[in-house]
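Visitor: I would like a close look at a single part of this model. Could you take me through one helix slowly?

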Amino acid sequence: METPNGQRILIVDDEDTLARLMQALLEHLGYAVDRAADGEKALQMGAQRSYSAVICDLLMPILNGMELFRIWQHQSPELAQRVIFVTGDNLGTRTNRFVELSGQPCLYKPFDINELTTVLDDVTRVYAGS
Amino acid sequence: MMTLTEPKLEGEVSSIRPLDVEEPNVHRAVADDARTRLSWEMRLVLLGAALVAGCVLYIVLPEIAYFIAVTLVLIALVAVSFAMDTQQSSWLISGAVALMHIAWIAFALQFTGHLNSPLLPLLYLVVVVYAICASSTQTGLVTGGAVIALSAQALMMGTASSAVLLTLASHSILLISISWIVSKYMTQLYQAHDTARHKARRYWEMTESSDDALLIVDPAWQVQEANATAARMLGNGDGPRLEGKNLVELLQLRHPEGLRPYQNQILAGESVSEIPLTTTGGNGTPHTLLFSALPIAEESQITTINVAIRDITELCQTQQELKHLEKFVAVRHVLTSLGHTLNNPLAIIRMSIQVAEVIGEEPDWHEIIRQLDRCNAAIRGLEVYVAGRDESTPVSDVNEVMEQALVLTQPQLMITGVELEQDIPANLPLAHANRHSLYHSFINIITYVWQTMEDWPGPRKLHIEARRRFEAVEIRFRSTGPSPEPGEVPELLKGTEPIEESQDKFMDMGLPVVYSTVQQAGGQVLVSPNRQESGMLVKIILPAANEEEVKRHKSSRGSVNK
């Protein structure tokens, strides 16, 4: 795997263990990683730093991934385009409808780490190109 | 009174009420009119006889006796007038005649010197005022004229010949007055006949266009009359004439003995409504019918029975399909929740192993076991959900059941962005309710609640609390979101609203399930608007378990734990 040095990723997930595991993997691959446990925290972090990609869970307390994405669409459209959704709600029609309309990639749990790195690579490459 | 449902309009779904008491029975109406006509003939005879008697008395009796006789005639006239009916005109005429009578006697007595009271002019004034008031109607005009003529007669009875002439004149006026009244009432009678004929036509139009089978049968259940639907429904489709056939035999009931108690009830003069009956299905398909009957009595004797029958076979099939759909929708919701609940720990397990492999470290086995326990808990929740009702557990720990229900429902709350608050004390007494039923009820309420908030633009909160209330346990689900209208509440609970188009919703089914479940447990379900803020409050009140039940519950738990 290519090591994308200098690229910073934001992981937004209330599942602390999963977020830590993704962080460990991505740091091992050479990414700089920040974590947020809910959408509100992510909103603040997104305003303070620039991220190559945001791995965002859809279902979270306080401010969920859908609401966070909609805010970014208005406030930071470029950041919104670098969001990778992660969800365990694989059967939910509401979730699927949202993902389809957003046009952003989505990883359905339990996903393979190769899926994660491939999607992440695609998104960060677009960011690097821009 | 045989009554009909209004004809069903295209696309309209009428309630299952085969008999509607608003529509009159034309046979009865015509019979009433016949009685009216007879009564009027009697009245004419009576009036004629009274007039003849008055004239004869005038000729043969002394003056004072004549007045007494005329008084009797007038009293008879008043009585007849009162007996006519209760219409306003009748009362006006009766009043006029009564006052006329007073005037007659008073002025006659004054003339003959038997009475000389200063009140007489006042009495005269009352008569005149009444005559003027009464003349606002045509009948009043005639009777008012008669009053004035008779009064003049009394004043002018100076000589015997003039008295005779004027008395005859006044009698003529009285006769004209009575003729007028009679002709008026005869006109009304004809109008009543016209109305009855119109009603009869409408009745038969409605009868023929009705989707219900409408029949008139005699007390031996022989069909006297039947509409086209009855011929189709009971005549095996070939539409033979049903008249003279036995209705009970025509019904081809699977259990004819089931109808017998109702037959007895009807013959005892009581109506029956919406009795479900199943036919043997002479043409191959059993049908479900709703049977209603209204006995008609003449002088305490049942003469006819009006019967309405509705074929609800299709409706029953639709309801059955709805029940299946309800189960399907509920299972779909549970599976969606379960998927979410399982996918998170599975993702952690998979990633733990893969990341450890990439990094070159040992996976965190404790973490993996913890995640497997999470999966196990979710699967147990599903097992409880799909397990059959266990009658051996009549008491429930509300805390425990709520925890299990939230395993399957919390993800949905999160998806909808509903903030959940819980306040269930640990020392809450056990509730007298089947654990399985209560678990389903909680899932249904929570699912119902998040669905009401799904498109709600305001804050989305669900506050669940439970308290002991004397010898009961009260569980409250207070949510924000749209408030139910007071009129909607019975429909919400009993599920009379049609199902939503989307299969994602079981808003119209979830609460009726709760309602019946809690009622079976001897509890109550109350739904009301949330008074604290917009939204609704669903309250379940269950009896607290008694000591014996608590002991049994604890011992059974102990044996399970061992």
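Visitor: To set the scene, how many helices and strands does the secondary structure of chain B come to? After that, please show me helix H11 of chain B.

Guide: Happy to! This is a predicted model, in which local features need pLDDT of at least 70 and side-chain atom pairs count only at pLDDT 80 or more, while totals for chains, interfaces and linings use all residues. Residues are numbered from 1 along each chain as its sequence is written, and chains are lettered from A and ligands numbered from 1 in the order in which they are written.

Chain B has 16 helices and twelve strands; these are DSSP runs numbered from the N terminus, with at least four residues of H or I for a helix and at least two of E for a strand. Of its 562 residues, 32% count as buried, meaning that 20 or more other C-beta atoms, placed from the backbone, lie within 10 Å of the residue's own, whereas exposed means 12 or fewer and partly exposed is in between.

Now to H11(B). This helix covers residues 365–386, 22 residues in all. From first C-alpha to last it reaches 31 Å, close to the expected 32 Å, which is 1.5 Å times one less than the number of residues.

Its buried residues are Gln371(B), Ala378(B), Gly381(B) and Tyr385(B). They sit on the same side of H11(B) because they cover an arc of only 65° around the axis, taken from the directions from the helix axis to the C-beta atoms. An α-helix has 3.6 residues a turn, so residues three or four places apart point the same way.

The face turned away from that buried side carries exposed residues, including Trp365(B), Asp373(B), Arg380(B) and Val386(B).
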